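User: I am new to this protein, and I would like to understand how each label attached to it is justified. Please show me the structure and then take me through the reasoning step by step.

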Amino acid sequence: MTAPVPPPGDGPERRLHTLVGRDGLPYRSLSQGTVGGHRRTRVYGRLDCPSALRAIAGGHYVTHRVFFADEATAVEAGYRPCAVCLPTEYARWKAARRAARP
């Protein structure tokens, strides 16, 4: 016996995700996003970031977790790269910040 075929739009591929846009406002998307962030600290990183996963496992972080379509969107929304999972991007961000100071 074969499994019934779900009607179009009822499968997991049609699930809506909440992402944060360049303006910092949430919106619904079929894509789950490629980077996650923390609303309070304004830090973004990879979805498999060891630091974020430790915080989540400890029962923290989840209520302030946000997701972005990509890194450029996170930066434009005012988030900085994570020093743990994005060390190169973090070093670049830090150097630019230093250079901008008088």
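Analyst: One definition is needed before anything else: a helix here is a DSSP run of H or I with at least four residues, a strand is a run of E with at least two, and both are numbered from the N terminus. Please also keep in mind that this is a predicted model.

User: How many helices and strands does the protein have, and what pattern do they follow along the sequence?

Analyst: The protein has three helices and six strands, and, read from the start of the sequence onwards, these elements follow the pattern β-β-β-β-α-β-α-β-α.

User: Which elements supply at least two residues each to the lining of the largest pocket, and which of them gives the most?

Analyst: Strand S3 (35–38), strand S4 (43–46) and helix H1 (50–57) each supply at least two lining residues, and S4 gives the most, with four residues. The pocket itself holds about 180 Å³ of space, and of the 17 residues that line it, Val43, Ser51, Ala52, Tyr61 and Cys82 are the closest to its centre.

User: What makes up that lining by class?

Analyst: Nine of the lining residues are nonpolar, five are polar and three are charged. Tyrosine and cysteine count as nonpolar under the classes used, whereas glycine counts as polar.

User: Why is Tyr61 called buried?

Analyst: The relative accessibility of Tyr61 is 18%, and the word buried applies under 20%, so Tyr61 falls within that class. Tyr61 lies in the loop between H1 and S5, and its phi is positive, about 80 degrees, although the residue is not a glycine.

User: Arg42 is not a glycine either, so what is its phi, and is Arg42 buried, partly exposed or exposed?

Analyst: Arg42 has a positive phi of about 60 degrees and lies in the loop between S3 and S4. With a relative accessible area of 34%, it sits between the cut-offs of 20% for buried and 50% for exposed, and Arg42 is therefore called partly exposed.

User: How do you know which strands stand at the edges of the open sheet?

Analyst: The open sheet has four strands in the order S5-S3-S4-S6, with mixed pairing. Strand S5 (65–68) and strand S6 (80–81) each have a single partner strand, so one side of each is left without a neighbour in the sheet, and that places them at the edges.

User: What makes S4 and S6 count as a pair?

Analyst: Pairing requires at least two bridges between the strands, and two bridges join S4 to S6, so the requirement is met. These two strands run parallel, and Val43 stands opposite Arg80 in S6.

User: How do you know that S1 and S2 pair, and in which direction do they run?

Analyst: Four bridges join strand S1 (residues 17–20) to strand S2 (residues 26–29), and the required number is at least two, so they pair; they run antiparallel. Thr18 stands opposite Arg28 in S2, and Leu19 stands opposite Tyr27 in S2. The hairpin has five residues between the strands, and Gly24 takes a positive phi near 85 degrees there.

User: Why is His17 called buried?

Analyst: His17, which lies in strand S1, has a relative accessible area of 16%, and since this is under 20%, His17 is called buried. Leaving aside residues up to four places away in sequence, His17 touches Tyr27, Arg28, Ser29, Leu30, Ser31 and Gln32.

User: What joins the side chains of Thr73 and Asp70, and why does Thr73 count as buried?

Analyst: The two side chains are joined by a polar contact of 2.7 Å, which lies within the 3.5 Å that such a contact allows. Thr73 belongs to helix H2 (residues 71–76), and its relative accessibility of 6% is under 20%, so the residue counts as buried. Beyond four places away in sequence, Thr73 touches Val20, Gly21, Arg22 and Phe68.

User: How far apart are Leu47 and Val35, both in sequence and in space?

Analyst: They are 12 residues apart in sequence and 5.5 Å apart in space, taken from C-alpha to C-alpha. Leu47, in the loop between S4 and H1, is called partly exposed because its relative accessible area of 32% lies between 20% and 50%. Val35 is among the residues that Leu47 touches, as are Leu53 and Phe67.

User: What share of the protein is buried, and what share of its contacts joins residues at least 24 apart?

Analyst: Of the 102 residues, 28% count as buried. Among contacts between residues at least 6 apart in sequence, 55% join residues at least 24 apart.

Technical notes. Residues numbered from 1 in each chain as written. Predicted model: local features only at pLDDT ≥ 70, side-chain atom pairs only at ≥ 80, totals over all residues. Heavy atoms only, no water. 1 Å grid on protein atoms, 1.4 Å probe; cavity = no way out; pocket = protein on both sides within 12 Å on 5 of 7 lines; lining within 4 Å. Points joined across faces, edges and corners; volume = space filled by probe spheres on them. Buried < 20%, exposed > 50% of the residue type's maximum accessible area, 1.4 Å probe, protein only. Polar contact = N/O pair within 3.5 Å; in protein donor to acceptor, adjacent residues only side chain to side chain. Contact = heavy atoms within 4.5 Å.
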